[in-house]
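Colleague: Could you take me closely through one part of this model, the open sheet with its strand order, its edges and whatever packs on it, and then set that part within the chain as a whole?

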Amino acid sequence: MLNTSPDILIVGAGPAGLGCALALQACGLKPQVVDAKGIGSTFENWPQQMQLLTPSFHSNAFGNVDLNSITPETSPADFLHTQHPDGKEYARYLRALCAYYELEVHTPVRVERIENHSGSFKVYTNSGILSPRFVIWAAGEFGQPHDGGITGSELCLHNSKVRDWKELAKTGHKFSLIGGYESGIDAAIHLMQAGSEVHVLSRGEPWGEDDPDPSRSLSPRTRDRLRSALLDSCGSVRFYKNADIVSVQINALGYELRDTEGTPFLSPTPPILCTGFRNALEPIRELWEWKKGLPVFTESADESTVTPGLFYSGPALTHRSMLFCFIYKYRSRFGVIAREIATRLGQTWEEPLRLWRKRGFMMDDLDCCTDCKCAVESDAAENPEAADYASTAR
Ligand SMILES: Cc1cc2nc3c(=O)[nH]c(=O)nc-3n(C[C@H](O)[C@H](O)[C@H](O)COP(=O)(O)OP(=O)(O)OC[C@H]3O[C@@H](n4cnc5c(N)ncnc54)[C@H](O)[C@@H]3O)c2cc1C
């Protein structure tokens, strides 16, 4: 039964919410997790052919935890026996953790609004009002597709709405994709493999970028897959760089796309938007401070600077221009959030979180990352497409 006054409420039963819950549970706390749809629902809704691009490999015993694991002691590779789990497989890993660790997860419970008056939370859900002491927002981005600011975007299909690329390929022969980062190239590969003629139109030339941070350039896996698809698939692809599409309309011949120069491009099928997602904190925007279009997090514990007691975990996390958009990045803060909440609740954390720290799930020294070449100024605020996994997908 839903506790209306839990110490800790976690909104979202994806990898971020569950990872925080497990770190808190290790400290002897009993967080209550709620999810509008179900455990791992985002992954359940990925297109059939989509797989995690970050590889899984169970080298935990040697101190190198599987990149897609959300605890220091488990491994999706070991559990699922695959290197690149698809959405359904990864959701199975998340459900298995909930069962094994007996996490308290309530579904379907949708959080509709959060208010904070004089330090007290009121969380409005479809199952009543909750009054937790602490809230961790881990509601993800997948439910909030970004339209790329394109006039006529309602005529397009956002890539997150596609359930099966093979089925989509049966609805036409020529497809145009707007956006050329990870999700755009992933879509192009699936459509080519299904025999389609694919046209990728993008701002800049993202497929040509060479940044040491995989959040800012195509991953090695995607490059490998693209090379294979170019050699082996029965479809074709053409890339259009510096094609900043601003409008889509229907004419007698199909869908007419126009870029900032007014150059037209004709697509017989609805254009596919690979323009990312809105920031994960948009639904509770007023509870955060925003700078340059991005929410501000405390460095000590990823807490809101204007609503004490409200924390965030997930791919929209940024610190010092670093994007924590992959699981292996944002999980490095699970222990940091758990430590802060445990301290405030008078619970010991040193010994319980020892493994979390040792295995990179409790990274509190952000200096180590700012020396890295990947800590470059983000242009996510100006160019949503550039933040593919970070805050818009760009
Ligand atoms: C196409 C794509 C591919 C990606 N590939 C990778 C990859 O290979 N490797 C990697 O590390 N990362 C990848 N990512 C990044 C990915 O976003 C994250 O790893 C992960 O999905 C984010 O986890 P999360 O827990 O924050 O959100 P989610 O997994 O989206 O979970 C959020 C949960 O919150 C629930 N929820 C939302 N709103 C509410 C509400 N109001 N009330 C209650 N519940 C709510 C949802 O139902 C959902 O179950 C990818 C992202 C995308 C979009």
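Modeller: Helices, as counted here, are DSSP runs of H or I with at least four residues, and strands are runs of E with at least two, numbered from the N terminus. On that basis the protein chain of this predicted model has eleven helices and 20 strands. The radius of gyration of the chain is 21 Å, close to the 21 Å that the globule rule gives for 394 residues, so the chain is as compact as a globular protein of that length. Its C-alpha atoms fill a box of roughly 65 × 45 × 40 Å along the principal axes, and 56% of the 394 residues count as buried.

Turning to the sheet you asked about, five strands make up an open sheet in the order β8-β15-β9-β10-β11, and their pairing is parallel. Its edge strands are β8 (157–158) and β11 (236–240), each of which pairs on one side only. At the β8 edge, two bridges join β8 to the parallel strand β15, residues 272–273, and L157 stands opposite I272 in β15. Helix α6, residues 182–193, packs on this sheet and touches β9 (174–178), β10 (197–201), β11 and β15, while the direction of α6 makes about 170 degrees with that of β9.

For the chain as a whole, among contacts with a separation of 6 or more, 64% are accounted for by residues 24 or more positions apart. The accessible surface of the protein chain comes to about 16,900 Å², with 50% of that area belonging to carbon and sulfur atoms.

Notes:
Residues numbered from 1 in each chain as written. Predicted model: local features only at pLDDT ≥ 70, side-chain atom pairs only at ≥ 80, totals over all residues. Heavy atoms only, no water. Pairing = 2+ DSSP bridges. Contact = heavy atoms within 4.5 Å. Axes fitted to C-alpha atoms, helices over the stretch in contact; angles between N-to-C directions. Rg over C-alpha atoms; globule rule 2.2 N^0.38 Å. Buried < 20%, exposed > 50% of the residue type's maximum accessible area, 1.4 Å probe, protein only. Areas by Shrake-Rupley, 256 points an atom, 1.4 Å probe, with all protein chains shown as cover.
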